[in-house]
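Let's take a walk through a protein chain together. Have the structure open in front of you and follow along as we go from single residues to the whole fold.

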Amino acid sequence: MRRLKIFDATLRDGSHAINHQLTKEQIRDYCLAMDEAGMDAVIVGHGNGLGASSLQVGLSLLTDHEMLSTARKYLKRTKLGAYMIPGFGTIKDQLIPAIEDGVEIFKIGCHCTEADTTKAHIEYLAKNKKEVYGILMMYHMASAEKILEESRKIESYGAKGVILMDSAGASTMEMVKRTVALLCENLDIRVGFHAHNNLGIAVANMYVAIKEGASIADGTLAGFGAGAGNCQLEALIALLQKCDIRINANLYKMLDCVDNVMPAIMKKTASPDPISIVSGQAGVFSAFKTHVIHAAKFFGVDARDIFMEVGKRKAVGGQEDIIVEVAQELKYKKSKQKEDYQIEALL
């Protein structure tokens with residue numbers, strides 16, 4: 001059985017929760033506190049990865065270079081990782097500069113049915129002896145068999161592993177068990193899982209994935225992340241230790257970081273609030289939450305209705321413009337119903 005790797009995405013996924021406004025001081029303090037906590041990698045950057053800072057998905061306070069170089073300076077024992085989605089970033093403009101900034105582990109993401117888009121990027125990194133993993137986002141939108149098909153492509157490109165990203169927090173434990181088990185039985189590379197907590201079962205889903213053979217746990221400290229947050233790493237580690245599953249992580253150092261560093265970074269505790277629960281039920285990308293809330297207020301419609309309609313349209317990350325389109329349609333429908341009611345009352 002492979003040793004379980006822990007990838008800490010707090011300084012990447014958590015960026016969503018604070019509108020990508022991480023400061024150099026916050027990155028410094030976090031890396032100093034977590035460098036001896038036993039994480040295999042700390043992933044740093046914009047929530048949507050390298051090159052993603054934009055008006056559409058959010059402008060970062062810092063550039064990719066500023067974030068990565070700051071983290072590199074303070075990570076001595078822990079590997080520095082970065083995430084990138086082809087389309088937001090390129091080999092020339094993002095991956096090569098990231099390598100120069102000292103990134104050692106790369107995660108290349110795509111929608112769960114579009115592994116082809118990662119081919120050039122994974123092959124380039126593998127050829128240059130970098131530890132690279134393929135990420136299948138919104139994996140709940142495809143069958144387990146389709147996920148296996150896409151994972152085999154990632155394996156053929158030279159990736160060290162494939163990580164399933166439950167981007168909408170839409171997984172049930174049965175879904176996790178079925179999909180992870182199928183991948184572990186049929187792949188020669190590592191299988192990992194990244195859980196979101198929209199339905200309140202992120203730690204449970206991660207535990208199920210590990211029991212089924214996953215050897216990469218990708219989560220965040222204090223569950224800090226998009227929407228309802230992620231699998232809470234310190235809770236996961238405590239659970240694994242309680243169940244006598246060997247892990248190199250230092251729980252006390254993680255808890256110290258939660259107490260002493262996270263309060264200055266997090267604006268509020270990550271939790272499955274009412275809107276996030278609907279997001280998970282609808283199967284909508286967790287990072288849409290802020291955009292949906294703003295659109296609901298602007299157009300005077302129910303955010304829950306927006307999420308349900310966006311879910312029906314199977315929107316994925318990068319299609320944030322659909323939120324405004326849906327909100328406008330709901331407003332029109334609401335106005336039309338009111339107008340019809342008034343006419344009916346007159347008659």
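## Two loops and a fold

Let's start with aspartate 244: its relative accessible area is 69%, so it counts as exposed, the cut-off being over 50%. Keep in mind that what you're looking at is a predicted model. Aspartate 244 sits in the loop between H9 and H10, just after H9. Its phi is positive, near 60°, even though the residue is something other than glycine.

Lysine 129 also has a positive phi of about 60° without being a glycine. You'll find lysine 129 in the loop between helix H5 (119–127) and strand E5 (131–137). Lysine 129 is exposed too, with 74% relative accessibility. For contrast, look at threonine 179, which is in helix H7 (residues 173–186) and is buried at 5% relative accessibility.

Here are the three residues side by side:

| Residue | Relative accessibility | Status |
|---|---|---|
| Aspartate 244 | 69% | exposed |
| Lysine 129 | 74% | exposed |
| Threonine 179 | 5% | buried |

So who does threonine 179 touch? Apart from neighbours within four places in sequence, threonine 179 is in contact with Tyr139, Ala144, Ile147 and Leu164.

Back to H9, the helix that comes just before aspartate 244. H9 covers residues 233–242, and its buried residues are Leu233, Glu234, Leu236, Ile237 and Leu240. Why are they on the same side of H9? Because they cover an arc of only 160° around the axis. What do these buried residues pack against? Their partners are strand E1 (5–9), H8, strand E8 (216–219) and helix H10 (251–260).

Now follow strand E8. Ile216 and Asp218 point one way from E8, while Ala217 and Gly219 point the other way, and all are buried. That fits a general pattern: in a regular strand the side chains alternate between the two faces of the sheet. E8 runs parallel to E1, and four bridges join them; in E8, glycine 219 is the bridge partner of aspartate 8. E8 also runs parallel to strand E7 (residues 190–194), this time with three bridges, and here phenylalanine 193 stands opposite alanine 217 in E8.

Phenylalanine 193 turns up again in the largest nonpolar core, which has 77 residues. Tyr30, Phe193, Leu221 and Met254 are the ones with the most contacts inside that core. Helix H8 (residues 202–211) gives the most to this core, with five residues. There's also a second, separate core of 38 residues, including Ala41, Ala296, Ala315 and Val326.

Methionine 254 deserves a click of its own. Beyond its neighbours within four places in sequence, methionine 254 is in contact with residues including Met34, Leu221, Leu233, Glu234 and Ile237. Leu233, Glu234 and Ile237 are among the buried residues of H9 we just met.

Finally, zoom out. How many helices and strands are in the chain? There are 15 helices and eight strands. The radius of gyration is 20 Å, close to the 20 Å that the globule rule gives for 347 residues, so the chain is as compact as a globular protein of that length. Its C-alpha atoms fill a box of roughly 75 × 45 × 45 Å along the principal axes. Of the 347 residues, 54% count as buried. Among contacts between residues at least 6 apart in sequence, 78% join residues at least 24 apart. As for the outside, the chain exposes about 15200 Å², and carbon and sulfur atoms supply 51% of that.

How values were computed
Residues numbered from 1 in each chain as written. Predicted model: local features only at pLDDT ≥ 70, side-chain atom pairs only at ≥ 80, totals over all residues. Heavy atoms only, no water. Buried < 20%, exposed > 50% of the residue type's maximum accessible area, 1.4 Å probe, protein only. Contact = heavy atoms within 4.5 Å. Core = buried A, V, L, I, M, F, W, Y, C linked by side-chain atoms within 4.5 Å. Arc of directions from axis to C-beta. Rg over C-alpha atoms; globule rule 2.2 N^0.38 Å. Areas by Shrake-Rupley, 256 points an atom, 1.4 Å probe, with all protein chains shown as cover. Pairing = 2+ DSSP bridges.
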